[in-house]
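Let's look at how a few labels get earned here. Each turn asks for the reasoning behind one of them.

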2 protein chains.
Amino acid sequence: MEEEVLKLEQQVCFPIYALSREIIQRYHPFLDTLDITYPQYLVLMVLWEHQKQTVNQLGEKLLLDSGTLTPLLKRLELKGLVLRKRSNIDERVVEISLTEAGSAIESEAGCIPGKLVEALGITGEELAELQYSVNKILNKVKKNKLKQ
Amino acid sequence: MEEEVLKLEQQVCFPIYALSREIIQRYHPFLDTLDITYPQYLVLMVLWEHQKQTVNQLGEKLLLDSGTLTPLLKRLELKGLVLRKRSNIDERVVEISLTEAGSAIESEAGCIPGKLVEALGITGEELAELQYSVNKILNKVKKNKLKQ
DNA sequence: CAAAGGTAAATTGTATGCAATATAATTGTG
DNA sequence: CACAATTATATTGCATACAATTTACCTTTG
C-alpha cells in the first residue's frame, strides 16, 4: 500500500513539470516566428507592461536569478530587442529597456495566447480551472518561500 | 482591453512553469541527502516500479528524449545507482536496471512525498484539486500531441 | 571618513532540455 | 539476399536553471 506514494502519476510535481515542458513546446512555432525562446518571451512580456525594469525586478517577477537572466538578457541585447544600461544613480543596478524593435513585436505577439490555447486543444473552462488552482498554490508557495 | 492577454499572471504557462521550478527547489534538501537531482529521482521512481526499462520506455513515461536521458543515465551509472546494458535480442536497445544501491535508496525516498507537501505548506485538499486539474490537462495535451 | 556589512550583477560550474544530426542495428520489400 | 526505410541511442550545439562565488558599488556605523 504505502509504496504507492512513489508512483509517477501521484507525485506532486511530475505532472506540473511535464505539463510545463509540453506547453512550452507548443509555443515553439509561434515564438520561432519572432526568433525568441519562451523565457525570452516572458522577459519581453514584463517589459511590454513596465517599459523599464532592473535585472532584480525581472528576477522577482519571473522567479529567476541573475545567473539565468544575465546571459539571457545579453542574447536579447544581441538580437537588438532590449538595451542594458548601468543606472547613473546606482552603478550596481542594470536597467533593461525595450528597443524600437523590442516594442514593435508586441503587436505580433498579441495573437499568441489565443493560438496557444487552440493548439493545446483545451476549453476555456478547463483552462480557467487550471489557472485558478495553479495560481492559488503558486501564491502559497511563494509566500511560504519568504519564511524559509 | 485586449493587451491584457499579454500579462504574466494571465498566461497559460507561466504559473505552471514557475510552480514547477519552485517545487523542484523544495525537493533539493531531501534529494541532496540521496545525492541525486530531481530528474534523476524521476528515473529512479520509474525503475523502482518497473525494475527494467529501455531508454525509450523511460522517455515515454517521463516525456524526455535520448538527448536528455542518455547523459543523465550515464551520470546515474557513474553514481552506481543503475546499470546500462545493450539488449542481446536487439543491439539498438539499451536496458536500464537498478543496482543494489539503486534499489536500496527506495526506502530512504519513501518519506519524501510527505515531507515535500509539508514543506510546500499546502493542504491535502488543495493538492488534490491541483493534481486533478493538472493531470486532466496533461492527458489532453499528450493525446493532442500524437495528432500533430 | 574608513572599515564593515550589505546589495546587484556577473561569473563559474554542473545538470538539464531539446532540436537536429549521426550512427548502428533491424525490418520490410522486391 | 540486397537495399531502402525504420528504429533506438548517441552526439552536438545552444539555451536555460541554479547554487556558489566573485566583483563592484553602496550604506552604515563607529
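Q: What makes B:Ser66 a polar contact of DNA strand D?
A: In this predicted model, a polar side-chain atom of B:Ser66 sits 2.8 Å from a base nitrogen of the strand. A polar contact needs N or O atoms within 3.5 Å, so the pair at 2.8 Å counts.

Q: What do A:Thr37 and B:Lys74 reach on DNA strand D with their polar side-chain atoms?
A: Phosphate oxygens, in both cases. The distance is 2.7 Å for A:Thr37 and 2.6 Å for B:Lys74. The cut-off is 3.5 Å, so both pairs pass as polar contacts.

Q: Which part of DNA strand D supplies most of the atoms within 4 Å of the protein: sugar and phosphate, or bases?
A: Sugar or phosphate, with 81% of those atoms, and the bases make up the rest.

Q: How do you know which residues surround DNA strand D?
A: A residue makes the list if one of its heavy atoms lies within 4 Å of the strand. That gives 29 residues, with A:Thr37, A:Gln40, B:Tyr17, B:Thr70 and B:Lys74 the closest. They split into nine nonpolar, 10 polar and 10 charged.

Q: Why is the link between chains A and B called a two-fold axis?
A: Chain B lands on chain A with an RMSD of 0.0 Å after a turn of 180° and a shift of 0.0 Å along the axis. That's just the relation of a two-fold axis, so the name fits. Both copies use the same surface, too: 100% of chain B's contact residues recur in chain A.

Conventions: Residues are numbered from 1 along each chain as its sequence is written. Chains are lettered from A and ligands numbered from 1 in the order in which they are written. This is a predicted model: local features need pLDDT of at least 70, side-chain atom pairs count only at pLDDT 80 or more; totals for chains, interfaces and linings use all residues. Side-chain values use heavy atoms; hydrogens and water are left out. A polar contact is a pair of N or O atoms within 3.5 Å; within protein, one must be able to donate a hydrogen and the other to accept it, and residues adjacent in sequence count only if both atoms are side-chain atoms. Ala, Val, Leu, Ile, Met, Phe, Trp, Tyr, Cys and Pro count as nonpolar, Asp, Glu, Lys and Arg as charged, and the others, Gly among them, as polar. Copies are superposed by least squares on the C-alpha atoms of residues with pLDDT of at least 70 in both. Contact means heavy atoms within 4.5 Å.
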